[in-house]
Amino acid sequence: MEAMPLITMAFAGDLVPTRSNEPHFTRGEIEGAFDAKLLACLMEADARVINLEAPLTDGTSPIQKAGPALSAPIKASKGLKRLDPVLSLANNHILDHGPAGLRSTFQALSDEGLPFFGAGENLYNAEKPYIFEKDGLKIGLIACAEREFSIAGEDSPGANPFDPLETPDQIVRLKQKCDFVAVLYHGGIECYRYPSPGLRKTLRKLAEKGADLVLCQHTHCVGCFEEYMGATIVYGQGNLLFDRKNDEYWRTALVVRATFSDRITVQYLPVTHEGGRAALADGEAAKAILAGFEERSREILSPGFVETEFAKKATIALDDGMRALSGKDRLPVKVDRRLGGRLTRRAFTRRRMIDSVDLIECEALREQLLAGLKERLGI
């Protein structure tokens with residue numbers, strides 16, 4: 001009897017070469033950024049799928065946006081080459097330095113022969129999937145991002161947006177060509193370990209349309225998972241390597257190792273970060289990461305848990321949202337009208353308006369604000 005083809009893929013979270021580890025990447029000496037055990041786990045897979053969370057550019061031309069503008073030097077592509085990855089570029093930072101920074105990234109990766117997907121010169125190119133094939137077995141990859149200042153347009157470069165009308169159809173079409181489909185969804189609330197009701201509904205819909213593995217990235221923390229209609233959905237796997245904050249959210253992660261054959265099996269490899277270096281966790285650290293992951297995964301199966309927990313989160317975050325969208329009471333409004341709107345123009349600076357765009361346009365932040373308002377109003 002002929003053996004079934006088999007493909008193993010290691011799906012890692014967000015990667016940004018930062019000041020603490022950037023020299024390792026620019027010199028192509030990634031042993032200084034990843035410990036030997038983690039590297040071995042990554043390299044023994046047939047493919048490594050990693051989200052590159054920053055453009056590769058030596059210029060400094062940050063766009064106006066909410067949040068930081070990230071970048072890594074072009075020479076960091078040398079270290080990326082050592083990992084031999086397939087790179088997703090569908091995220092909220094890939095356009096941080098405008099079209100020039102994105103094109104610089106395309107060129108740097110192409111010069112090293114590194115495949116990438118999830119971004120392009122226009123929407124048509126950005127939404128193109130990547131197909132990995134071995135021994136006749138085909139794994140289709142789709143990457144999409146929520147709308148936070150990085151999205152491609154019909155005639156403008158950027159990341160592939162999540163579109164509730166288009167993305168499910170992309171999955172259907174890709175499943176017709178491939179044996180399995182994996183989706184990288186860049187979105188959700190940062191440092192929140194559970195799905196929001198809207199996120200859960202969205203990712204379940206992707207599973208219903210044929211996705212076999214759905215990975216939610218961007219949250220910078222290890223979240224939870226569920227099995228749904230034969231698919232595995234992971235709500236947050238943390239950063240592969242992104243040395244920006246020194247807390248438990250940012251210092252732990254999971255590499256999702258998927259084996260594709262007659263079916264898909266998934267294994268979770270715990271990762272810790274220390275001093276700008278990622279390592280395969282062991283001992284009590286590994287037990288703690290996996291135990292929390294499994295406990296949260298049981299919690300979200302309880303009816304109403306996801307909704308109740310998210311309402312709490314939204315309420316806590318409401319004040320920040322209200323500050324960004326604050327108006328005035330009746331008396332100040334009358335005074336402002338007499339002054340020709342000068343008070344409002346002074347209060348709503350360009351920075352505040354940019355933050356307001358982010359709150360309104362980003363699906364995750366908009367949902368959080370609305371849930372917080374409803375909870376506060378009791379409606």
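# Notebook: strands, rings and one helix pair

I began with strand β7, where L141 is the bridge partner of Y130. The model I am reading is a predicted one. I then looked up the strands around that bridge. β6 covers residues 130–134 and β7 covers residues 137–145. They run antiparallel, and five bridges join them. I checked the turn as well. The two strands form a hairpin with two residues between them. In that turn, D135 has a positive phi of about 55 degrees.

**Entry: strand β14**

Next I went to β14, residues 252–260. How many of its nine residues are buried? I found nine of nine, so the strand is mostly covered. I recalled that side chains in a regular strand alternate between the two faces of the sheet. I therefore listed β14 face by face, and both faces are covered. One side holds T252, L254, V256, A258 and F260. The other side holds A253, V255, R257 and T259. R257 is buried along with the rest.

I looked for the partners of β14. Which strand does β14 meet over five bridges? That is β1, residues 7–16, and the two run antiparallel. Here T8 has T259 of β14 as its bridge partner. β14 also pairs with β15, again in the antiparallel sense, over nine bridges. I noted F260, whose bridge partner in β15 is I264. β14 and β15 form a hairpin with three residues between them.

**Entry: from β15 to β16**

I followed β15, residues 264–274, into β16, residues 277–280. These strands run antiparallel and are joined by four bridges. T272 stands opposite A279 in β16. What sits between the strands of this hairpin? There are two residues between them, and G275 takes a positive phi near 60 degrees.

**Entry: aromatic pairs**

I turned to the rings and counted twelve aromatic pairs. I opened F106 and F116. Their centres are 5.3 Å apart and their planes differ by 5 degrees, so the pair is stacked. F106 lies in helix α4 (residues 98–111), and F116 lies in strand β4 (residues 116–117). The pair therefore ties together parts that are ten residues apart in sequence. Are these rings buried or exposed? F106 counts as buried, at 11% relative accessibility. F116 counts as partly exposed, at 25%.

I then looked at F225 and Y268. Their ring centres are 5.4 Å apart and the planes meet at 40 degrees, so this pair is tilted. F225 belongs to strand β11 (residues 222–228) and Y268 to β15, so the pair ties together parts that are 43 residues apart in sequence. Y268 counts as buried because its relative accessibility is 16%. I also noted one aromatic cluster, formed by Y192, Y194, F305 and F310.

**Entry: helices α12 and α13**

My last look was at two helices. I wrote down an angle and a distance, because two packed helices are described by the angle between their axes and the distance between the axes. Helix α12 spans residues 350–361 and helix α13 spans residues 363–377. They pack at an angle of about 85 degrees, with their axes 5 Å apart. That makes α12 roughly perpendicular to α13. Which residues make the contact? From α12 I noted D358, L359, I360 and E361. From α13 I noted E363, L365 and R366. I sorted the residues of this contact: three are nonpolar, none are polar and four are charged.

How values were computed:
Residues numbered from 1 in each chain as written. Predicted model: local features only at pLDDT ≥ 70, side-chain atom pairs only at ≥ 80, totals over all residues. Heavy atoms only, no water. Axes fitted to C-alpha atoms, helices over the stretch in contact; angles between N-to-C directions. Parallel < 35°, antiparallel > 145°, perpendicular 65-115°, else oblique. Contact = heavy atoms within 4.5 Å. Nonpolar A, V, L, I, M, F, W, Y, C, P; charged D, E, K, R; others polar. Pairing = 2+ DSSP bridges. Phe/Tyr/Trp six-rings, centres within 6.5 Å; stacked < 30°, edge-to-face > 60°. Buried < 20%, exposed > 50% of the residue type's maximum accessible area, 1.4 Å probe, protein only.
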